[in-house]
Amino acid sequence: MFIQVCGAAREVTGSNYLVEVGRSRFLVDCGMHQGGQREEALNFAPFPYDPRDLDFVLLTHAHIDHSGRLPRLVKAGFSGPIYATPATRDLAEIMLLDSAYIQEMEAEWRSRKAKRAGRRAVEPLYTEEDARRAIRLLKTVAYDDPANLAPGVTVTFRDAGHILGSAFLALELEERGAKVRVLFSGDVGQPDQPIIRDPEIVEETDYLVMECTYGDRLHVDNGKPEDQLAAILEEAERTGGNVIIPAFAVGRTQELLYLLRDIFANRGLSMPVYVDSPLATRATEVFRKHRDVYDEEAGRLVGEPGGVFDFPQLRYTETAEESRALNDKRGIVIISASGMADAGRIRHHLKHNLWRPEAHIVIVGFQARNTLGRRLLDGDKRVRLFGEEIAVRAHIHEITGLSAHADQNQLLAWAAHFLPPKLTILTHGELSAALALQKLLEERLGFHVVIAEPEEVFEL
Ligand SMILES: [Zn+2]
Ligand SMILES: [Zn+2]
């Protein structure tokens, strides 16, 4: 029996593990490497295993850094089932199609450039058809229901509280009479997030494969997100300015709608709200469908008029014309993707609002280096958009309470429920984050912890 760490070793993206037990070989996650050119090139590298030899794949959650190479795996010959929770299945469907669209667009753009330079056309990482084939392989497994997937392999999906449908995988493996329990943490959620439940507590495992994205960081506490958001809306309502919110289409947008519904219902405020992202609109449909996995608070709203995400001020835009028509409106809220403002329709809305002193830009998620969102947070007074220089006169706000990831304290608190496992393997984090969490897990909890190296194999 062994686990091989094939991705997300000493980095956050590209989650991918190979597990071998007896005659079974399977993967946990098959995510995309994201970030710069070096990471993107890794997505095109051959897999360190033969996809045709795999029996199945287990998917922890729908985020692209966990699911994004599944279409490529299928293109390379994989044809077994991909197991996920029902909400993850539905989210993965829309996200993989969106990802395929981006891959094809990008290849087309690069091909045009290549041809002009007298070089060959560029192939996309995968196409929409590859994504559809991967989607057809998705099979659902309910939370907390042990599933025997192969001789000697039983898996239980348990709520990770990270995004809708996200799971820890508790594996019970058996080979020639020897039994071993392995727990893959997937991404561990932050407790008390809107809509979704808190991460489940697990107490026993022999091996713990644990993420450490925020292993060296604490979330800044600026008060409740709904209070911060309400204060911004109040100001905008008074001065007639627009409120522009770059937000990830899946998860963050639905949390914002949830908070806005509450603010409008209970604080006497009212502004038209536009969700300007077709992916976000589809993701909201998926959220609406999977109410059985909401937390208690959201669950109570299900039967109420308007439900969890709907309120009279809310509109969804679909076409590019509808999106452009928003340029002429004042006193509105626009939620649009991408979350770091480095692509998508949000860039048009920023171009039309950044220079207005009465406008408000609200940053609600992590902003990577070199993205437009980060530059705005850093206080840049001029930015370039569509080849035009734009002065930044709008108010820039940051709401920090909505992270989907547990921070250092929350990771430690979650791990503290375990009896010390035989071995804890840290993945899905930069080296500095892994080192900080390793030290704390060893000193405070008495764990034996290693930081996985790329391609490292662990015999169980
Ligand atoms: Zn994630
Ligand atoms: Zn992740």
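## An open sheet and a two-zinc site

In this predicted model, seven strands form an open sheet in the order E7-E8-E9-E10-E11-E20-E21, with mixed pairing. Strand E7 (147-150) and strand E21 (449-451) stand at the edges and have a single partner strand each, so one side of each is left without a neighbour in the sheet. On average, and with direction ignored, neighbouring strands are turned by 25° against each other. Within the sheet, E9 and strand E10 (residues 178-184) pair in the antiparallel sense over 7 bridges, and Glu 175 stands opposite Ala 178 in E10.

Two helices and the strands they meet are listed below.

| Helix | Strands | Angle |
|---|---|---|
| H13 (residues 408-415) | touches E9, E10 and E11 (207-211) | about 165° with E11 |
| H14 (residues 431-445) | lies across E11, E20 (423-427) and E21 | about 175° to E21 |

Turning to the metal site, the zinc ion (ligand 1) is coordinated by His 61 (NE2), His 63 (ND1), His 162 (NE2) and Asp 187 (OD), at 2.1 to 2.3 Å. Along the chain, these donors follow the spacing H-x1-H-x98-H-x24-D. The 4 donor atoms subtend angles of 92 to 165° around the zinc ion (ligand 1), which makes the arrangement irregular. A second zinc ion (ligand 2) is 3.4 Å from the zinc ion (ligand 1), and Asp 187 coordinates both. His 61 lies in the loop between strand E4 (56-58) and helix H2 (64-67), while His 162 lies in the loop between strand E8 (153-159) and strand E9 (167-175), so the pair ties together parts that are 101 residues apart in sequence. Both His 61 and His 162 are buried.

Conventions
Residues are numbered from 1 along each chain as its sequence is written. Chains are lettered from A and ligands numbered from 1 in the order in which they are written. This is a predicted model: local features need pLDDT of at least 70, side-chain atom pairs count only at pLDDT 80 or more; totals for chains, interfaces and linings use all residues. Side-chain values use heavy atoms; hydrogens and water are left out. Donors are N, O and S atoms within 2.8 Å of the metal (3.2 Å for Na, K and Ca); water is not among the atoms, so sites may look incomplete. Four donors count as tetrahedral if all angles lie between 85 and 135 degrees; four count as square planar and six as octahedral if opposite donors are over 155 degrees apart and all others between 65 and 115; anything else is irregular. Helices (H or I, at least four residues) and strands (E, at least two) are DSSP runs, numbered from the N terminus. Buried means under 20% relative accessible area, exposed over 50%, partly exposed in between (1.4 Å probe, protein chains only). Two strands pair if DSSP finds at least two bridges between them. Axes are lines fitted to C-alpha atoms, for helices over the stretch in contact, and angles run from 0 to 180 degrees between N-to-C directions. Contact means heavy atoms within 4.5 Å.
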